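Reader: Could you take me on a close look at one part of this model, the salt bridges, and then show me what surrounds them? A connected walk-through would be lovely.

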Amino acid sequence: MSKGMCYASHALLSGCSTGGVASIIHCDEFQGLMPRRTTIKCLADAGLFLDVADVAGGYSLRSFFNGVVNLQGVARSLPAACINRMDATSCFFPQNLLPHIYTPTFVLNAAYDIWQLQESLAPRRADPQGYWQQYKMNYVNCNAGQVRFLQG
């Protein structure tokens, strides 16, 4: 604010990947810091992490995010309306968090996010035999069953 943000007519809070999640988490807070006359919007670029089963049926990303939420004490930054309905780790996933954000927020995400495929859907610990290895590097090599899994 001391650098002139208090005079802004428009402001955009944005972040990419986990920074995209942070831009969602702090969007309403950011709006609250700005003068009422300032138009605020938020952008989460590649921050839509999926809370879905991996190729082994486990929840690798949920487990990872649970560690982040607990280590960093993220629960105190999450909307109470979300925390009152589900656990903090669930609220860390944008699909559960966004309904509780009131500031206009735009989510930009690729349909086939390569990081999600490599680290969330088919991480090494979920694919010890390497069945998905060649497909993780280029999803066009997937067989019909793997494509159905990805589309699901």
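Author: Aspartate 51 and arginine 62 form a salt bridge whose closest N and O atoms are 2.7 Å apart; the term stands for a side-chain nitrogen of Lys or Arg within 4 Å of a carboxyl oxygen of Asp or Glu. This is a predicted model, in which local features need pLDDT of at least 70, side-chain atom pairs count only at pLDDT 80 or more, and totals for chains, interfaces and linings use all residues. Residues are numbered from 1 along each chain as its sequence is written, and side-chain values use heavy atoms, with hydrogens and water left out.

Aspartate 51 sits in the loop between S2 and H3 while arginine 62 belongs to helix H3, so this pair ties together parts that are 11 residues apart in sequence. Helices (H or I, at least four residues) and strands (E, at least two) are DSSP runs, numbered from the N terminus. Arginine 62 counts as partly exposed because its relative accessibility is 23%; buried means under 20% relative accessible area, exposed over 50%, and partly exposed in between, with a 1.4 Å probe and protein chains only.

Arginine 62 also forms a salt bridge with aspartate 87, where the closest N and O atoms are 3.6 Å apart. That pair links distant parts of the chain, 25 residues apart: arginine 62 is in helix H3, and aspartate 87 is in the loop between helix H4 (80-83) and H5. Aspartate 87 is partly exposed too, with a relative accessible area of 41%. The structure holds two salt bridges, and Asp51, Arg62 and Asp87 are linked in a network of them. As background, side chains of opposite charge can pair when their charged atoms come close.

Let's stay with H3 for a moment. Serine 60 is in this helix as well, and it counts as buried because its relative accessibility is 8%. Its side chain is joined to that of aspartate 54 by a polar contact of 2.5 Å. Such a contact is a pair of N or O atoms within 3.5 Å; within protein, one must be able to donate a hydrogen and the other to accept it, and residues adjacent in sequence count only if both atoms are side-chain atoms. Not counting residues up to four places away in sequence, serine 60 touches Asp54, Ser120, Pro123, Arg125 and Ala126, where contact means heavy atoms within 4.5 Å. Serine 60 and arginine 124 are 64 residues apart in sequence, and their C-alpha atoms are 10 Å apart in space.

One of those partners, Ser120, brings us to H7, whose buried residues are Gln116, Leu117, Gln118, Ser120 and Leu121. The buried residues of H7 pack against H3, helix H8 (133-137) and helix H9 (144-151). At the N-terminal end of H7, aspartate 113 acts as a cap, with a side-chain oxygen 2.9 Å from the backbone nitrogen of tryptophan 115.

H3 also takes part in the nonpolar interior. The largest nonpolar core has 20 residues, and those touching the most other members are Ile25, Phe49, Phe65, Val74, Leu78, Phe92 and Leu97. A core here is a set of buried Ala, Val, Leu, Ile, Met, Phe, Trp, Tyr and Cys residues joined through side-chain atoms within 4.5 Å. Two or more residues of this core come from each of H1, strand S2 (39-45), helix H3 (60-72) and helix H5 (88-92), and H3 gives the largest share, four residues. A second, separate core of seven residues includes Leu117, Leu121, Ala122 and Cys142.

Back in the largest core, isoleucine 25 is in contact with Val74, Ser77, Leu78, Phe92 and Leu97, leaving aside neighbours within four places in sequence. Serine 23 lies in helix H1 (residues 18-25) and counts as buried because its relative accessibility is 2%. A polar atom of the serine 23 side chain lies 2.7 Å from the backbone oxygen of glycine 20, and a polar atom of this side chain lies 3.0 Å from the backbone oxygen of leucine 43.

Finally, return to the loop between S2 and H3, which holds alanine 46. Alanine 46 is not a glycine, yet its phi is positive, about 60 degrees. This alanine counts as partly exposed because its relative accessibility is 22%.
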